[in-house]
Amino acid sequence: MYDEAIREAAADQGALVVDLARCGETYETLDGVHPTVHGHAKLAEQWLRGLRALGIAESVA
């Protein structure tokens with residue numbers, strides 16, 4: 001439902017979308033919603049992987 005609206009809005013604005021929800025990864029949270037430091041690191045890794053797949057990010061240490 002929201003996925004398509006987000007993709008349409010991004011396309012209208014010339015933005016790219018990295019859909020972290022579709023990556024299927026789980027991450028550590030404080031309360032089931034908000035990521036811990038380790039959870040944020042895992043999300044960042046997925047985000048960079050998605051950007052690389054789109055040809056946006058080069059190898060980042």
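This passage describes the fold of the protein chain and the surroundings of selected residues in a predicted model.

The secondary structure of the protein chain consists of two helices, with zero strands. Helix α1 covers residues 2–13, and helix α2 covers residues 37–53. The radius of gyration of the protein chain is 13 Å, whereas a compact globule of 61 residues would have a value near 10 Å. Along the principal axes, the C-alpha atoms occupy a box of roughly 35 × 30 × 15 Å. Of the 61 residues in the protein chain, 13% are buried. When contacts between residues at least 6 apart in sequence are considered, 24% of them join residues at least 24 apart.

The exposed surface of the protein chain amounts to about 4,900 Å², and carbon and sulfur atoms supply 56% of this area. Charged side chains number 5 positive and 10 negative. The centres of these two sets are 7 Å apart.

The length of helix α1 was compared with the expected value. Its twelve residues should span 16 Å at 1.5 Å a residue, and the C-alpha atoms at its ends are 17 Å apart, so the two values agree. Helix α1 is followed by Gly14, which has a positive phi near 75°. Gly14 belongs to the loop between α1 and α2. The relative accessible area of Gly14 is 64%, and this residue is therefore classed as exposed, the cut-off being over 50%. From Gly14 to Leu54, a separation of 40 residues in sequence, the C-alpha to C-alpha distance is 14 Å.

The loop between α1 and α2 also contains Thr36. Thr36 has a relative accessibility of 11% and so counts as buried, for which the cut-off is under 20%. With residues up to four places away in sequence not counted, Thr36 touches Glu28, Thr29 and Leu30.

Several residues of helix α2 were examined in turn. Gly39 is located in this helix. Gly39 is buried because its relative accessible area is 0%, under the 20% cut-off. Beyond residues up to four places away in sequence, Gly39 touches Tyr27 and Glu28. The C-alpha atoms of Gly39 and Thr29 are 6.2 Å apart in space, and the two residues are ten apart in sequence. Glu28 is thus listed among the contacts of Thr36 and also among those of Gly39.

Leu43 is likewise part of helix α2. Its contacts, not counting residues up to four places away in sequence, are with Leu20, Tyr27 and Pro35. Tyr27 is touched by Leu43 and by Gly39. Between Leu43 and Glu58, which are 15 residues apart along the chain, the C-alpha atoms are separated by 17 Å.

Gln46 is another residue of helix α2. The relative accessible area of Gln46 is 10%, so this residue is buried. Outside its neighbours within four places in sequence, Gln46 is in contact with Val18, Leu20, Cys23 and Glu25. Leu20 accordingly appears among the contacts of Gln46 and among those of Leu43. In an α-helix there are 3.6 residues a turn, so residues three or four places apart point the same way.

Arg52 is also placed in helix α2. With a relative accessible area of 35%, Arg52 is partly exposed, because this value lies between the cut-offs of 20% and 50%. Arg52 and Leu16 are 36 residues apart in sequence, and their C-alpha atoms are 12 Å apart in space.

Note on methods:
Residues numbered from 1 in each chain as written. Predicted model: local features only at pLDDT ≥ 70, side-chain atom pairs only at ≥ 80, totals over all residues. Heavy atoms only, no water. Helix = DSSP H or I, 4+ residues; strand = E, 2+ residues; numbered from the N terminus. Rg over C-alpha atoms; globule rule 2.2 N^0.38 Å. Buried < 20%, exposed > 50% of the residue type's maximum accessible area, 1.4 Å probe, protein only. Contact = heavy atoms within 4.5 Å. Areas by Shrake-Rupley, 256 points an atom, 1.4 Å probe, with all protein chains shown as cover. Lys, Arg positive; Asp, Glu negative; His and termini not counted. Charge placed at Lys NZ, Arg CZ, Asp CG, Glu CD. Expected span 1.5 Å × (residues − 1).
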